[in-house]
Amino acid sequence: MKKTPYYLIPVLVCFLLGFIAGRIQSDAIENWYPLLDKPALTPPNIVFPIAWSVIYLCIGISAGLILSGDSPRKKRLIALFCVQLLFNFAWSVAFFYFRSPLAGLVDILILDALVAAYVVQSRRASKAASALFAPYVLWLLFATYLNAYILVCN
């Protein structure tokens, strides 16, 4: 029971940031995003909150594994986790709030690099923490493709 906050806090922070991002982007999702030329592989809007819920749960647990462990890299990994989470949130602001696919693409490319760095570096501390980022990596690569397509075609 002593370790519960190590897992609960990161998961709640992820969901809170996701909720705030959803509120920030809601107007653009209703009024701007539908007007964009999107690739044929674009999923229906309902897929996004489901995917992000699973991803936020996984990455929050990943952070919990690092926080509750005894790795000498713990501070560095948590800092990297927080920075990537900040860029994750910033993407919603850049792409949707500012309605800028270019700013979104720049942000998501940095996010891709940060997440890759976390996956590689966290593996040394916890293979499970690293593996929990797999759905995130796959979704980010797909989101990067979607963002790039929207930038080029609009």
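Me: What is the relative accessible area of D27, and does that make the residue buried, exposed or something in between?
Reply: Buried means under 20% relative accessible area, exposed means over 50%, and partly exposed is in between (1.4 Å probe, protein chains only). This is a predicted model, where local features need pLDDT of at least 70, side-chain atom pairs count only at pLDDT 80 or more, and totals for chains, interfaces and linings use all residues. Residues are numbered from 1 along each chain as its sequence is written, and side-chain values use heavy atoms, with hydrogens and water left out. D27 is partly exposed, as its relative accessible area is 43%.

Me: Which side chain meets D27 in a salt bridge?
Reply: Side chains of opposite charge can pair when their charged atoms come close. The cut-off here is a side-chain nitrogen of Lys or Arg within 4 Å of a carboxyl oxygen of Asp or Glu. For D27 the N to O distance is 2.7 Å, and the partner is R99.

Me: How many residues apart are D27 and R99 along the chain?
Reply: Searching the whole structure turns up one salt bridge. That pair ties together distant parts of the chain, with D27 in helix 1 and R99 in the loop between helix 3 and helix 4 (101-125). Helices (H or I, at least four residues) and strands (E, at least two) are DSSP runs, numbered from the N terminus. The separation along the chain is 72 residues.

Me: What is the phi of R99?
Reply: R99 comes just after helix 3, and at 33% relative accessibility this residue counts as partly exposed. Its phi is positive although the residue is not glycine. The value is near 55°.

Me: How far apart are the end C-alpha atoms of helix 3?
Reply: Helix 3 takes in residues 74-97, which makes 24 residues. The expected span is 1.5 Å times one less than the number of residues, so helix 3 should span 34 Å. The model agrees with that, since the end C-alpha atoms are apart by 33 Å.

Me: Which residue ranges does UniProt list as "transmembrane region"?
Reply: The UniProt entry is unreviewed; its positions are given in the numbering used here, feature names are shortened, and annotations may be inferred rather than shown by experiment. Among the ranges in the record, residues 77-96 are 100% helix and 0% strand in the model, with end C-alpha atoms 29 Å apart. Residues 102-120 are also 100% helix and 0% strand, and there the ends lie 27 Å apart. The full list in the record is 50-68, 77-96, 102-120 and 132-152.

Me: What is the radius of gyration of the chain?
Reply: The chain has six helices and zero strands. The radius is taken over C-alpha atoms, and the globule rule is 2.2 Å times the number of residues to the power 0.38. For 154 residues that rule gives 15 Å; the chain comes out close to it, so it is as compact as a globular protein of that length, with a radius of gyration of 16 Å.

Me: What fraction of the chain's residues count as buried?
Reply: Along the principal axes, the C-alpha atoms fill a box of roughly 50 × 25 × 25 Å. One of the buried residues is G60, at 0% relative accessibility. Of the 154 residues, the buried share is 42%.

Me: How far is the C-alpha atom of G60 from that of C14?
Reply: G60 sits in helix 2. Along the chain, G60 and C14 are 46 residues apart. Their C-alpha atoms are separated by 6.4 Å.

Me: Which residues make the nonpolar surface patch of about 290 Å²?
Reply: Patches use residues with over 30% relative accessible area and no salt bridge, joining like charges within 9 Å and nonpolar side chains (Val, Leu, Ile, Met, Phe, Trp, Tyr) within 5 Å. Areas come from the Shrake-Rupley method with a 1.4 Å probe, and for residues only the protein chains shown count as cover. One member, I20, lies in helix 1 and is partly exposed at 33%. The patch is made by L16, F19 and I20.
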